[in-house]
Amino acid sequence: MNNADIAKKILDKVGGKENVFSNVACMTRLRIGIRDDSKVNIDQLKRVDGVLAVVEADTLQVVLGPGKVNKVAEPFAELTGYPLGSADEDEDTISTDTKQANLQELKSMASQNKAANKAKHDKPIQRGLQHIANVFIPLLPGIIAAGLINGLTNVIDYQTGSAFNNDWWYMAIKTIGWGLFTFLPIFVGMNATREFKGSAILGGIGGVFCLSASIVGFPMASQALSMPISNTPYVTGVGGLLTALFLGIFLAWLERSIRKFMPSILDTFFTPLLTLIVGCLIAVVFLQPVGLWLTNAIYIAMDFVYGKLSWFGGYILSSTFLGLVSVGLHQALTPIHVMLNDPTGPTHGINYLLPILMTAGGGQVGAGLALFFKSNNKRFKKMVMSSIPVAILGVGEPLMYAVTLPLGRSFITACIGAGFGGIAASLFKLGTVSQGVSGLFGLLIMQPGQQLLYLLAMLIAYIGGFICTWFFGVDEDRIDEIFPE
């Protein structure tokens with residue numbers, strides 16, 4: 001079955017194009033906005049060739065795996081009629097053909113189902129984190145590439161004494177690395193405004209306020225410019241990425257608010273003008289200080305967990321991470337990973353959090369091996385063994401969603417065992433130069449010289465997950481109940 005056929009099958013099992021209002025591809029999942037949950041056949045969707053797992057959240061998340069998700073998402077978006085990454089959650093937005101067929105009935109149905117969806121997933125924090133994740137997910141390919149380039153060129157410069165800095169081709173490649181992170185606030189501002197239903201370009205202009213003065217060519221006055229209230233000097237770039245995120249969200253809200261009372265004849269000219277002037281003045285006075293405070297708070301918290309708590313902090317982070325993954329909220333950590341991989345930040349582009357979290361998958365592999373060797377259920381053993389190789393490579397969702405999570409107890413023992421790998425990653429001071437991969441592929445993004453230590457930390461996670469599951473996580477009756485032969 002080719003990718004187009006898989007896309008058609010998925011669309012059919014979720015109720016057809018009339019039941020879809022958005023489609024967004026992340027690293028491993030196709031996130032689908034569903035109008036009516038009752039039209040989705042989850043069991044048949046899980047059986048579609050190529051579908052690794054299905055997660056039911058505020059959006060329906062179809063796990064396809066890295067690389068595969070993009071190949072399936074593109075034909076899926078073409079079938080739905082929505083550009084990939086777009087979302088229109090207004091119940092009035094129904095396909096034209098359907099409107100003509102039975103407009104009033106569909107409006108009523110969509111309104112009722114939206115209310116039912118809201119009641120079912122009435123978790124404001126979860127919904128908010130999903131929106132934040134959606135801002136950064138489209139940026140991941142560029143962040144991964146730029147981070148790897150920065151890491152590689154730093155090694156080359158160190159080993160050669162910057163011998164290639166006079167070669168045009170080498171400097172062109174380096175431009176990719178520093179260029180992405182230099183102008184990242186603009187991209188974040190655009191995506192944030194788009195995600196919260198505003199004009200993306202206005203968010204991009206707002207992101208300019210988060211660039212340093214040397215980049216934007218800020219005109220220096222003869223005397224320092226003072227801010228109101230705080231009486232502090234006015235400087236650009238305060239708050240960085242978080243300010244760009246907040247500003248993008250605020251501009252989207254402000255634009256929608258102004259448009260409500262702006263006469264249609266003046267809307268094209270004055271709505272964006274007022275949005276930018278009012279929004280950016282408020283942002284400079286209030287949002288930038290908030291962004292700066294929160295950024296500093298995150299770094300202080302990370303320093304406390306990583307530095308002060310040391311191995312205990314590593315254990316807590318690794319052992320609890322898969323709880324976020326299980327409900328699809330691990331992408332909410334993307335902004336923090338981006339900040340840590342920023343070469344201009346306090347960590348100078350080295351992400352010390354990600355290696356700890358990567359060992360969580362090692363605990364799942366160890367648990368899977370324990371289940372395979374201890375269980376007598378042949379059908380179950382076959383399913384486990386088909387999931388372990390891809391989990392070793394870094395795609396742990398099939399093993400988690402199809403094996404450990406349904407069993408319950410083995411998922412907990414896997415998490416407990418994974419924490420020992422987190423201890424090792426913390427004590428070894430492991431760091432990555434980019435993100436986007438895990439498992440054995442994590443070797444590609446580790447700091448040069450740390451590859452063997454990373455393998456040792458993963459091995460410890462394997463052993464931890466294996467031992468905890470072998471003694472406390474195998475329930476043969478539960479296995480036979482879920483996987484009858």
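What follows walks through the fold of this chain, from its overall make-up down to a few individual residues. The model is a predicted one.

To start with the big picture, the chain is built from 20 helices and four strands. Of its 485 residues, 48% count as buried. Contacts also reach a long way along the sequence: taking pairs of residues at least 6 apart, 73% of the contacts join residues at least 24 apart.

The strands make a handy place to begin. E1 (20–25) and E2 (29–34) run antiparallel to each other and pair over five bridges, with a hairpin of three residues carrying the chain from E1 to E2. One of the pairings puts Val20 across from Ile34 of E2. E2 also pairs with E4 (residues 60–63), again in the antiparallel sense, this time over four bridges. Here Arg29 sits opposite Val63 of E4. E2 therefore takes part in pairings with both E1 and E4.

Neither E1 nor E2 shows much of itself to the outside. Six of the six residues of E1 are buried, so E1 is largely enclosed by the rest of the structure. The count for E2 is also six of six, so E2 too is largely enclosed. Looking at the side chains of E2, Arg29, Arg31 and Gly33 point one way while Leu30, Ile32 and Ile34 point the other, and all of them are buried. That buried set includes two arginines, Arg29 and Arg31.

Helix H3 (residues 68–80) packs up against this part of the chain. Its buried residues are Val69, Val72, Ala73, Pro75, Phe76, Ala77 and Thr80, and they pack against helix H1 (3–13) as well as strands E1 and E2. The length of H3 works out as it should: at 1.5 Å a residue, its 13 residues ought to span 18 Å, and the end C-alpha atoms are 19 Å apart, which agrees. Right after H3 comes Gly81, with a positive phi near 90°.

Further along, helix H13 (residues 311–326) gets the same length check. Its 16 residues should span 22 Å at 1.5 Å a residue, and the end C-alpha atoms lie 24 Å apart, in agreement. H13 does bend, by about 30° at Thr320. Its buried residues are Gly313, Gly314, Tyr315, Ser318, Ser319, Phe321, Leu322, Val325 and Ser326. The elements covering them include strands E2 and E3 (53–56), along with helices H12 (264–308), H15 (354–374), H17 (397–407) and H18 (409–427).

Leu322 of H13 turns up again in the nonpolar interior. In soluble globular proteins, nonpolar side chains tend to be buried together. In this chain the largest nonpolar core has 37 residues, and those with the most contacts inside it are Phe136, Leu184, Val188, Leu245 and Leu322. Leaving out neighbours within four places in sequence, Leu245 is in contact with Ile132, Val135, Phe136, Val188 and Ala192. There is also a second, separate core of 26 residues, with Ile356, Phe380, Ala391 and Ala457 among its members.

Three individual residues deserve a closer look. Asn134 lies in helix H5 (residues 124–136). Its relative accessible area is 17%, below the 20% cut-off, so Asn134 counts as buried. Setting aside residues up to four places away in sequence, Asn134 touches Arg31 and Glu195. With Glu195 there is a side-chain to side-chain polar contact at 3.3 Å. Asn134 also links up distant stretches of sequence: Val24 is 110 residues away along the chain, yet the two C-alpha atoms are 8.2 Å apart in space.

Gly362 lies in helix H15. At 0% relative accessibility, Gly362 counts as buried. With residues up to four places away left out, Gly362 touches Met458, Ala461 and Tyr462. Its C-alpha is 9.8 Å from that of Ser318, 44 residues away in sequence; Ser318 is one of the buried residues of H13.

Gln447, finally, lies in the loop between H18 and helix H19 (451–472). Its relative accessibility is 19%, which is under 20%, so Gln447 counts as buried. Not counting residues up to four places away in sequence, Gln447 touches Ile350, Tyr352, Lys429, Gly431 and Thr432.

Note on methods: Residues numbered from 1 in each chain as written. Predicted model: local features only at pLDDT ≥ 70, side-chain atom pairs only at ≥ 80, totals over all residues. Heavy atoms only, no water. Expected span 1.5 Å × (residues − 1). Buried < 20%, exposed > 50% of the residue type's maximum accessible area, 1.4 Å probe, protein only. Contact = heavy atoms within 4.5 Å. Pairing = 2+ DSSP bridges. Bend = angle between axes of the 7 residues up to and from the residue. Core = buried A, V, L, I, M, F, W, Y, C linked by side-chain atoms within 4.5 Å. Polar contact = N/O pair within 3.5 Å; in protein donor to acceptor, adjacent residues only side chain to side chain.
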